[in-house]
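Here are my notes on this one, as numbered points. Have the model open while you read.

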Amino acid sequence: MLRTLQDHALSCIERISGAAVAAAVRVEGLRYLHRHVPLDDIARITEAFYTSRPCESDMWRMMATVAKDEMGMDGGFYLLREVFLRIVPPFSTYRDRPGYHVRRRDVDALKYKFGSHAPHRDSWAGDSVNLLNVWMAIDEVPAAAGITVFPGFEDIELPHLSTTPFYATHEANLPVVPQTFDMRPGDCVLFGADELHGTRLNTTDVTRVAVSGRIALDTPRYWPQFASTNRDQWLRASELDRPEPDFIESHETVAAPPTDSEGSHHTRLPRPVRAASYHDWTDACAQSEIAGGQGFSIRIGEKEIALFRRGSDIIALDNVCPHLYYRLANGPQRDGRVTCPGHCLSFDLETGACTDDPSFAVRRHQTRVEGDRVFVKLA
Ligand code: FES
Ligand SMILES: [Fe+2]
């Protein structure tokens, strides 16, 4: 099965980039495809995979096997017709290419090519709420390049973007350390539609190559307000062996819509504080407001600062992640680092340097403690 999926991926590379490129990738491994495949071909390769029927049926079979053997399900589940090849080259290969990395503080920023996906739930995206995602590595995927899941966030309401309700906003507070996995070829991660998940910015030197598909555990169910493109794209697993299986058009809707979560306890905005003058010491907060494990954020004029406790020290860094502007104070702090809740870049608290990619850094600012008060001076 793994071999079949790898061969399908290679045949799509051959179709789009040519036989010589495909031969080189076959020798070196899919994870090194960025050495041979032009960046501009990647979207077309994933599309070729998506529209190729043999891939579909092999993926369906793989998912049905996972559901039956790993989860003990009988045939009463459904498979989504669409299967995806997910190719994400190392960030270093497109960091400086115009058009490949949009640095804009708006929703469009999330649409840059080869996206590392910020935390989201698939039910937000109009997918069946009883969906199970099957994400399978078809070459080695190091943890630092792969899928991330945020355990314990299944039932917690998060603020999400109102116009494109796919992703947690920059305000989302995600104190848990995201779980990542080193995956060998053929390893799968399964997660539900309502589990918060995303993918890391790929700061490794290998391309992330995975396939993903979707299982509905029983009749597909949708939030009524989302016009879904795939409601009629479900195949009953018990019909998998029929030569021309029917795709169901019926589905159920579930009543519980997502509410506007403005003001949710998981929205943590910086507290505005008044500066005597921009470059002077500013009375920022009480020491007791800065817990260990996560930052506390303030705003001085337009400038956002994240304050962290490390032993007896208070450390002040820029709050806004230079990648796509999520707030560092809302990410988990561990081992002298803070991890961005956006796409999991980590920053050293002492230096502000990004420990995953040297092209990113945040500024450190001066702090001073007087009694219970913490003062900050901007660098
Ligand atoms: S916003 Fe992407 S890693 Fe911080
Ligand atoms: Fe997803």
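**Notes on the fold**

1. Let's start with E17 and strand E21 (residues 364-370): the two pair in the antiparallel sense over two bridges. Pairing here means that DSSP finds at least two bridges between the strands. Strands (E, at least two residues) and helices (H or I, at least four) are DSSP runs, numbered from the N terminus. Looking at individual partners, alanine 316 bridges to histidine 365 in E21, and leucine 317 sits opposite arginine 364 in E21.

2. Some housekeeping before going on. This is a predicted model, where local features need pLDDT of at least 70 and side-chain atom pairs count only at pLDDT 80 or more, while totals for chains, interfaces and linings use all residues. Residues are numbered from 1 along each chain as its sequence is written, and chains are lettered from A and ligands numbered from 1 in the order in which they are written.

3. Now the other neighbour of strand E17 (residues 313-318). Strand E16 (residues 303-310) runs antiparallel to E17, joined to it by six bridges. Leucine 307 faces alanine 316 in E17, and alanine 316 also has histidine 365 in E21 as a bridge partner. The E16 and E17 hairpin leaves two residues between the strands, and glycine 311 there has a positive phi near 60°.

4. Is E17 mostly covered or mostly open? Mostly covered: five of its six residues are buried. Buried means that 20 or more other C-beta atoms lie within 10 Å of the residue's own; 12 or fewer is exposed, in between is partly exposed, and C-beta atoms are placed from the backbone.

5. On the far side of the hairpin story, E21 is joined to strand E22 (residues 373-377) by five bridges, again antiparallel. Valine 369 has valine 374 in E22 as its bridge partner. This hairpin has two residues between the strands as well, with glycine 371 at a positive phi near 60°.

6. There is also an open sheet of three strands, ordered E18-E19-E20 with antiparallel pairing. Its edge strands, each pairing on one side only, are E18 (333-334) and E20 (346-348). E18 and strand E19 (residues 337-339) share two bridges, and glutamine 333 is opposite valine 338 in E19.

7. For the helices, look at H1 (residues 2-17) and H3 (residues 42-50): they pack at an angle of about 125°, with axes 9 Å apart. Axes are lines fitted to C-alpha atoms, for helices over the stretch in contact, and angles run from 0 to 180 degrees between N-to-C directions. So H1 is oblique to H3; under 35 degrees would be roughly parallel, over 145 roughly antiparallel, 65 to 115 roughly perpendicular, and the rest is oblique. The contact includes His8, Cys12 and Ile16 in H1, and Arg44, Ala48 and Phe49 in H3.

8. Last residue to check: histidine 197, in strand E7 (residues 197-199). Histidine 197 counts as buried because it has 23 C-beta neighbours inside 10 Å. Beyond four places in sequence, the contacts of histidine 197 include Pro119, Ile147 and Phe191, where contact means C-beta atoms, placed from the backbone, within 7 Å. Its C-alpha is 9.3 Å from that of phenylalanine 153, 44 residues apart along the chain.

9. Overall, the chain has four helices and 22 strands. Of its 379 residues, 43% count as buried.

Conventions. Contact = placed C-beta atoms within 7 Å.
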